[in-house]
Amino acid sequence: MPNGGGTDFGPAPLESVCYVLEGTLLFKGVDEAEPVLNAGDSVHIAAGSAKSVTNIGTTTAQMLVFLLPPQ
């Protein structure tokens, strides 16, 4: 994800776990929490939860996303 790039705020149908490989990312969720994640950090996002992700670092960011099907 390029510097300043990101996603629109909205829900995703699947549960996900995001692991930051490189860079600095700002996550925003419906609970108004705004954690900043760096390389080695991770976040769990429940299915149907609205969120956005923005690269607030000075370099390209990379993250690994695990999508989990409903059980």
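Trainee: What share of the 71 residues counts as buried in this predicted model, and what makes a residue buried?

Mentor: In this predicted model, 27% of the 71 residues count as buried. The label needs a relative accessible area under 20%.

Trainee: Take Val 43, then. Why is Val 43 called buried?

Mentor: Set the value against the cut-off: Val 43 has 18% relative accessibility, and buried means under 20%, so Val 43 gets the label. Val 43 sits in strand S5. Leaving aside neighbours within four places in sequence, Val 43 is in contact with Ser 16, Val 17, Cys 18, Phe 27 and Leu 37.

Trainee: What makes those residues contacts of Val 43?

Mentor: Contact means heavy atoms within 4.5 Å, so Ser 16, Val 17, Cys 18, Phe 27 and Leu 37 each meet that cut-off with Val 43. On a C-alpha to C-alpha basis, Val 43 and Tyr 19 are 6.8 Å apart in space, with their places 24 residues apart in sequence counted as separation.

Trainee: And Glu 32: buried or exposed?

Mentor: Exposed, because its relative accessible area is 71% and exposed means over 50%. Glu 32 belongs to the loop between S3 and strand S4 (36-38). Its phi is near 70°, a positive value in a residue other than glycine.

Trainee: How many helices and strands does the chain have?

Mentor: Zero helices and seven strands. Read from the N terminus, that gives β-β-β-β-β-β-β.

Trainee: Why is the chain called as compact as a globular protein of that length?

Mentor: The radius of gyration is 12 Å and the globule rule gives 11 Å for 71 residues; the two are close, so the chain earns that description. Along the principal axes, its C-alpha atoms fill a box of roughly 35 × 20 × 15 Å.

Trainee: What portion of the contacts joins residues at least 24 apart?

Mentor: It's 70%, taken among contacts between residues at least 6 apart in sequence.

Trainee: Now the largest pocket. How much space lies in it, and which residues are closest to its centre?

Mentor: About 180 Å³ lies in the largest pocket. Of its 13 lining residues, Lys 28, Gly 29, Asp 31, Ile 45 and Lys 51 are the closest to the centre. Strands S3 (24-29), S5 (42-45) and S6 (50-55) each give two or more residues to the lining.

Trainee: How does that lining split by class?

Mentor: Seven nonpolar, three polar and three charged residues.

Trainee: What about the surface of the whole chain, how much is exposed?

Mentor: The chain exposes about 4,400 Å², with carbon and sulfur atoms supplying 56% of it.

Methods. Residues are numbered from 1 along each chain as its sequence is written. This is a predicted model: local features need pLDDT of at least 70, side-chain atom pairs count only at pLDDT 80 or more; totals for chains, interfaces and linings use all residues. Side-chain values use heavy atoms; hydrogens and water are left out. Helices (H or I, at least four residues) and strands (E, at least two) are DSSP runs, numbered from the N terminus. The radius of gyration is taken over C-alpha atoms; the globule rule is 2.2 Å times the number of residues to the power 0.38. Buried means under 20% relative accessible area, exposed over 50%, partly exposed in between (1.4 Å probe, protein chains only). Accessible areas come from the Shrake-Rupley method with a 1.4 Å probe; for residues, only the protein chains shown count as cover. On a 1 Å grid over the protein atoms alone, a cavity is a set of points where a 1.4 Å probe fits but cannot get out, and a pocket is an open set with protein on both sides within 12 Å along at least five of seven lines; lining residues have an atom within 4 Å of a point. Grid points are joined across faces, edges and corners, and a volume is the space filled by probe spheres set on the points. Ala, Val, Leu, Ile, Met, Phe, Trp, Tyr, Cys and Pro count as nonpolar, Asp, Glu, Lys and Arg as charged, and the others, Gly among them, as polar.
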